[in-house]
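Subject: Structure handover

Hello,

Here is the structure I promised to send over. My notes on it follow below.

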Amino acid sequence: MGREKVSSNDVHRLFLQAVLSRRMMPEKVARTLWVKCKEAVASVGDVNIDAGDTDDGWNAFIDKVQQALNPLDLEFRNMIDDNSNTRVYALLNRKGDDIAQLASDYNPAEIAYFKAVVEQIILSPKYVYSISSLGALRETASIKPSTISKAHAETLLTSFVARGWLAKSARGRYSLAVRSLLELNNYLEKYGDECVDCTICHEKVYKGIMCATPNCKTFLHKQCADTLRRHRRGTCPTCQAAWGEGGAGMKPLGEEAYNGQKEVRRRLNGGDDDDEEEDEEELDGTQDMSQTLPDSEPSQSQGRSQAKRGGRQSEGGKKGKKAGGRSKKRQE
Ligand SMILES: [Zn+2]
Ligand SMILES: [Zn+2]
């Protein structure tokens, strides 16, 4: 006596209560929470709950959680964070204005600035998905009436990085951080044609590797590339080109693909911007090129030099469905 009437459904109810009070969480934290919820439910009632932490058990549990969320138009979404190489989870609204959540931390002009920076990150030179800090500061001019000074913008950029919306690379370039990719999924949908999907997991990929064969549409998260290497040694799944050890035949996708390409400001469906500041562009490129990246992995540096060698030639050849909407200027 004294035992509560509980069922295994109480585990996912408890889990969702815990998740609701949090933002994004790494898979490790989510799974620890799951195990703790199972222990809590088992401790108060007679119920047969498998206490273990297995991949199959976790996946089945996540399916169950998602089924409970479907009628509410909520989603327990997950995604690989390419900066930390870990999977992260977040409870999100399927519909609705997800960028409105920034209003708790930023005023309308600041949100407009954030949107402008995000747009230039996504519309940056092909497959680079990042902009220089000068490029980001220049976006203050796109906020009209102009209420964001460059000093204010610098503070904001630091804040966007600190709050997990943007990532800043060793070279000082800004890209979208996993929080934006997860939590602003609805907002980012309008840029769908500018983005590429991972060949393995079919999620959007803004940072990872791509096949160096011109026109080949293999784009991969780093973690998905590792999975592929384990199962299928040394060939591209799309064009069957040989991928050698150390990244030969592949090149970086995302910030690491930046090679001093000219940053031409673009607007979605609006072509190139006329009033770009040429002198800043040049200074910008020189500055970025002169900085040396820490090369921790030989595969990355080789991939990068591969991109440099093949850069110009393959850029011209990469026209296709995804590239169709891009401006002529960009293809050269
Ligand atoms: Zn992937
Ligand atoms: Zn290929």
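I began with the metal sites. The zinc ion (ligand 1) takes its protein donors from Cys198 (SG), Cys201 (SG), His221 (ND1) and Cys224 (SG), which lie 2.1 to 2.3 Å from it. Keep in mind that this is a predicted model. The site of this zinc ion (ligand 1) is tetrahedral, with angles of 99 to 117° among its 4 donor atoms. Along the chain, the donors of ligand 1 follow the spacing C-x2-C-x19-H-x2-C. Two of these donors, Cys201 and Cys224, link distant parts of the chain. Cys201 sits in the loop between strand S6 (196-197) and strand S7 (204-205). Cys224 belongs to helix H9 (residues 222-231), and the two are 23 residues apart.

How exposed are these cysteines? Cys201 has 23% relative accessibility, so it counts as partly exposed. Cys224 is buried, at a relative accessible area of 5%. Cys198 is buried too, with a value of 1%.

Next, the other zinc ion (ligand 2). Its protein donors are Cys211 (SG), Cys216 (SG), Cys236 (SG) and Cys239 (SG), at 2.2 to 2.4 Å. Here the angles among the 4 donor atoms run from 105 to 114°, and the site is tetrahedral. The donor spacing for ligand 2 reads C-x4-C-x19-C-x2-C. Cys216 lies in the loop between strand S8 (208-211) and strand S9 (219-220), and Cys236 in the loop between H9 and strand S10 (250-253), so this pair ties together parts that are 20 residues apart in sequence. Both Cys216 and Cys236 are buried. Cys239 is partly exposed, with a relative accessible area of 30%.

How many disulfides does a search of the whole structure find? The count is 0.

Now the packing. The largest nonpolar core has 57 residues. Those with the most contacts inside it are Tyr113, Phe114, Leu157, Phe160, Leu166, Leu176 and Leu188. Helix H4 (residues 108-122) gives the most to this core, with 8 residues. In soluble globular proteins, nonpolar side chains tend to be buried together.

Leu176 is a good place to look at this core in detail. Leaving aside neighbours within four places in sequence, Leu176 is in contact with Val118, Ile121 and Ile122. Trp165, Leu166 and Ala167 are also among its contacts. Leu181, Leu188 and Tyr206 complete the list.

A second, separate core has 22 residues. Val11, Leu16, Val19 and Cys37 are among them.

On to the aromatics. The structure holds 15 aromatic pairs. One of them joins Phe15 and Phe61 edge-to-face, at 4.9 Å centre to centre and 85° between the planes. Phe15 lies in helix H1 (residues 9-20) and Phe61 in helix H3 (residues 55-69), so the pair ties together parts that are 46 residues apart in sequence. Both Phe15 and Phe61 are buried.

Phe15 also pairs with Phe76. This pair is edge-to-face as well, with 5.6 Å centre to centre and 85° between the planes. It links distant parts of the chain: Phe15 in helix H1 and Phe76 in strand S2 (residues 74-81), 61 residues apart. Phe15 has a relative accessible area of 0% and is buried. Phe76 counts as buried at 4% relative accessibility.

Which aromatic cluster does Phe15 form part of? Phe15, Trp34, Trp58, Phe61, Phe76 and Tyr89 form one cluster.

Last, two backbone points. Asp73 has phi near 60°, a positive value in a residue other than glycine. Asp73 is found in the loop between H3 and S2. Its relative accessibility is 29%, so Asp73 counts as partly exposed.

The other is His202, with phi near 65°, again positive in a residue other than glycine. His202 lies in the loop between S6 and S7, which also holds the zinc donor Cys201. Is His202 buried or exposed? His202 is exposed, with a relative accessible area of 59%.

Best wishes

Technical notes:
Residues numbered from 1 in each chain as written. Chains lettered and ligands numbered in written order. Predicted model: local features only at pLDDT ≥ 70, side-chain atom pairs only at ≥ 80, totals over all residues. Heavy atoms only, no water. Donors = N, O, S within 2.8 Å, 3.2 Å for Na, K, Ca; no water. Tetrahedral: all angles 85-135°; square planar, octahedral: opposite > 155°, others 65-115°. Helix = DSSP H or I, 4+ residues; strand = E, 2+ residues; numbered from the N terminus. Buried < 20%, exposed > 50% of the residue type's maximum accessible area, 1.4 Å probe, protein only. Disulfide = S-S within 2.5 Å. Core = buried A, V, L, I, M, F, W, Y, C linked by side-chain atoms within 4.5 Å. Contact = heavy atoms within 4.5 Å. Phe/Tyr/Trp six-rings, centres within 6.5 Å; stacked < 30°, edge-to-face > 60°.
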